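Visitor: I have the sequence and a model to look at, and I would like to be walked through the fold. Can we take it by question and answer?

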Amino acid sequence: MYAARVDPPWDLDAWRTQARAALQAGVEPAQIDWSDDAAPSLLAPTPVTALPPVRDAPAVPGEFLASAARVLAHRDPHRHALLYRLLWRLANGEPRLLGNALDADVHRVRELEKAVRRDVHKMKAFVRFRAVPGEHEAYIAWFEPEHHIVDLAAPFFMRRFAGMRWAILTPYRRAIWDGESLQFGGGARPDEAPADDAHEALWQAYYAHIFNPARLNTRMMRQEMPVKYWRHLPEVHRLPTLVREAGQRVREMAERDAQPTRKPAMVARAAKQVAALEGEGDSLAALKAQLPECRACPLWQPATQPVAGEGPADARVMVVGEQPGDQEDLRGRPFVGPAGQLFDRALADAGIDRALLYLTNAVKHFKFERRGKVRLHVRASSDEQAACAGWLRRERAALRPERIVCLGVTAAEAVLGRRVALLAERGRWQRASDGTPVLVTVHPSWVLRQPAGAARDAAYRGLADDLARLRRAPDGPEAP
Ligand code: SF4
């Protein structure tokens, strides 16, 4: 017998090192002990890595390696041997083995993969971050996966929450994102994660908003949201009420859909509502406090919260975007999602400090379409933009910026009050009706929508170049 040790046991490179050495030495699957509990001793079997190679390493299909990465994450103690058996057969006369779904080894590999995929899905769905007390924008989540899936799932959280610092703690491993790099460390205890925080109420409100009573199926719900995850899910406290009220909400939805739309009336009503909230000498802080009361258009209802402007009250430059996205809606802050991160990069490349800018949006609530669990951004209608225009007008009056930068056509039209041909007008200074210099450019999300590669690089450079014009005065070459 020979010994093969995979450390850590879920690591593809560690398994490949052992498997390649065994394969090159011509060691048959039945001759290898893959168990990791054998104590080192003089009588221990020879490690496969100590054997001389007698053949070259064979080429391995990419499909096999992708499957192996998932299978290794399973806790099945026989998975290392199973994968080696499959590899051995692929390299010894069965190159099409993976296409044979009736083969017992292939079937078992598919079963393990399915279980791991399901566990990754659960982790994506049920991880809940909690704010770290005393730290700005830092979050920790506790999670107990069934399998060794932290390395497989962590890249998803890195993409989804790229703009915040976070750690996911599990009993066997932790993943840490510091905003720039993803790192892994040893296991943790539940008490290393913070208990409830202020975001708990927000999660509950968010869940109430995305809960669709017309698709309520309590049996499926229990299957999809196993009870063992409940204690980490703040929204579970809202479930009994939501289930109880589902019938009434479905009836209300049907009645609402049957109502004829009266758009002009909506805009007039909106102007009245926003004006009713208007006070003498509004401050930015007062506007922010009033915004959650706005019901001037239907966008407040499905959104989690309004997203007010953010920045110094004496900022000289106001940046206006279109409307909050998924991340902004969840966190209640403008420009913190993927487009906001690209905008930050473009500002840095243009030599502009974001902390000096006042950032806001033309429309204050996130408009979206639900596709399964994903919320896809939908452009606000012209009526909704018109309904929200009063808020931007009041922000401008409170801040009195020396210059305004508009990102995207919705922002440009809201500020300039006319139709804008964005690509023709971008990158040059214009004047708003009150004389404020206005620079129009593309929205960062437009850059992200360009095909990856040369087109996106060029779009990004165009945005950074346009922003760099902020460092010159509208009518002259000097920096502000
Ligand atoms: S989008 Fe604007 S107008 Fe509509 S509810 Fe929100 S704040 Fe009010």
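The exchange below goes through the sheets, the cores, the ligand shell and some backbone details of this predicted model.

Visitor: In the sheet with strand order 10-9-13-15-14, which strands stand at the edges?
Guide: Five strands make up this open sheet, and their pairing is mixed. An edge strand has a single partner, so one side of it is left without a neighbour in the sheet. The strands in that position are strand 10 (357-361) and strand 14 (429-431).

Visitor: By what angle are neighbouring strands of that sheet turned against each other on average?
Guide: The sheet runs in the order 10-9-13-15-14. With direction ignored, the average turn between its neighbouring strands is 30°.

Visitor: Which residue of strand 15 stands opposite Val-405?
Guide: Strand 13 (residues 403-407) pairs with strand 15 (residues 437-441) in the parallel sense, over four bridges. Within strand 15, the residue opposite Val-405 is Leu-439.

Visitor: Which residue stands opposite Val-319 in strand 10?
Guide: Strand 9 (residues 317-321) and strand 10 are parallel partners joined by five bridges. Opposite Val-319 stands Leu-359.

Visitor: How many residues of strand 10 are buried?
Guide: On one side of strand 10, Leu-357, Leu-359 and Asn-361 are buried; on the other, Tyr-358 and Thr-360 are buried. In a regular strand the side chains alternate between the two faces of the sheet. Strand 10 is therefore largely enclosed by the rest of the structure, and its buried residues number five of the five.

Visitor: Which residues of the largest nonpolar core touch the most other members?
Guide: This core has 56 residues, and its largest share, seven residues, comes from helix 13. Cys-406 touches Val-320, Ala-411, Ala-412, Val-415, Val-438 and Val-440, leaving aside residues up to four places away in sequence. The members with the most contacts inside the core are Val-320 and Cys-406.

Visitor: How many residues are in the other core that lies apart from it?
Guide: In soluble globular proteins, nonpolar side chains tend to be buried together. The members of this other core include Ala-68, Leu-87, Ala-141 and Phe-161. Its count is 48 residues.

Visitor: In the sheet with strand order 4-5-6-7-8, which are the edge strands?
Guide: Here too, five strands form an open sheet with mixed pairing. Each edge strand pairs on one side only. They are strand 4 (130-131) and strand 8.

Visitor: Which residue in strand 6 is the bridge partner of Ala-141?
Guide: Strand 5 (residues 138-142) and strand 6 pair in the parallel sense over five bridges. The bridge partner of Ala-141 is Ile-168.

Visitor: At about what angle does helix 5 run to strand 7?
Guide: Helix 5 (residues 150-160) has Val-150, Leu-152, Ala-153, Ala-154 and Phe-157 as its buried residues. Their cover includes helix 2 (62-73) and helix 4 (104-126), along with strands 6, 7 and 8. Helix 5 lies across these three strands, and its angle to strand 7 is about 20°.

Visitor: Which helix gives the largest share of the shell around the ligand?
Guide: The ligand is surrounded by 16 residues, the closest being Cys-294, Cys-297, Trp-300, His-365 and Cys-388. By class, the shell has twelve nonpolar, one polar and three charged residues. The largest share, four residues, comes from helix 13 (residues 382-399).

Visitor: Which residue does a cis peptide bond join to Asp-7?
Guide: Most residues other than glycine have a negative phi, and most peptide bonds are trans. The cis bond here has an omega of about -5°. The residue following Asp-7, in the loop between strand 1 (2-3) and helix 1 (12-24), is Pro-8.

Visitor: Phe-335 has a positive phi of about 55°; is Phe-335 buried or exposed?
Guide: Phe-335 sits in the loop between helix 11 (326-331) and helix 12 (338-349). A residue is buried if 20 or more other C-beta atoms lie within 10 Å of its own. Phe-335 has 27 such neighbours, so it counts as buried.

Visitor: Arg-400 also has a positive phi, of about 50°; is Arg-400 buried or exposed?
Guide: Arg-400 is in the loop between helix 13 and strand 13. The cut-off for an exposed residue is 12 or fewer other C-beta atoms within 10 Å. Arg-400 has 12, so it is exposed.

Notes
Residues are numbered from 1 along each chain as its sequence is written. This is a predicted model: local features need pLDDT of at least 70, side-chain atom pairs count only at pLDDT 80 or more; totals for chains, interfaces and linings use all residues. Two strands pair if DSSP finds at least two bridges between them. Helices (H or I, at least four residues) and strands (E, at least two) are DSSP runs, numbered from the N terminus. Axes are lines fitted to C-alpha atoms, for helices over the stretch in contact, and angles run from 0 to 180 degrees between N-to-C directions. A residue is near a molecule or strand if its C-beta atom, placed from the backbone, lies within 6 Å of it. Ala, Val, Leu, Ile, Met, Phe, Trp, Tyr, Cys and Pro count as nonpolar, Asp, Glu, Lys and Arg as charged, and the others, Gly among them, as polar. Two residues are in contact if their C-beta atoms, placed from the backbone, lie within 7 Å. A nonpolar core is a set of buried Ala, Val, Leu, Ile, Met, Phe, Trp, Tyr and Cys residues joined through C-beta atoms within 7 Å.
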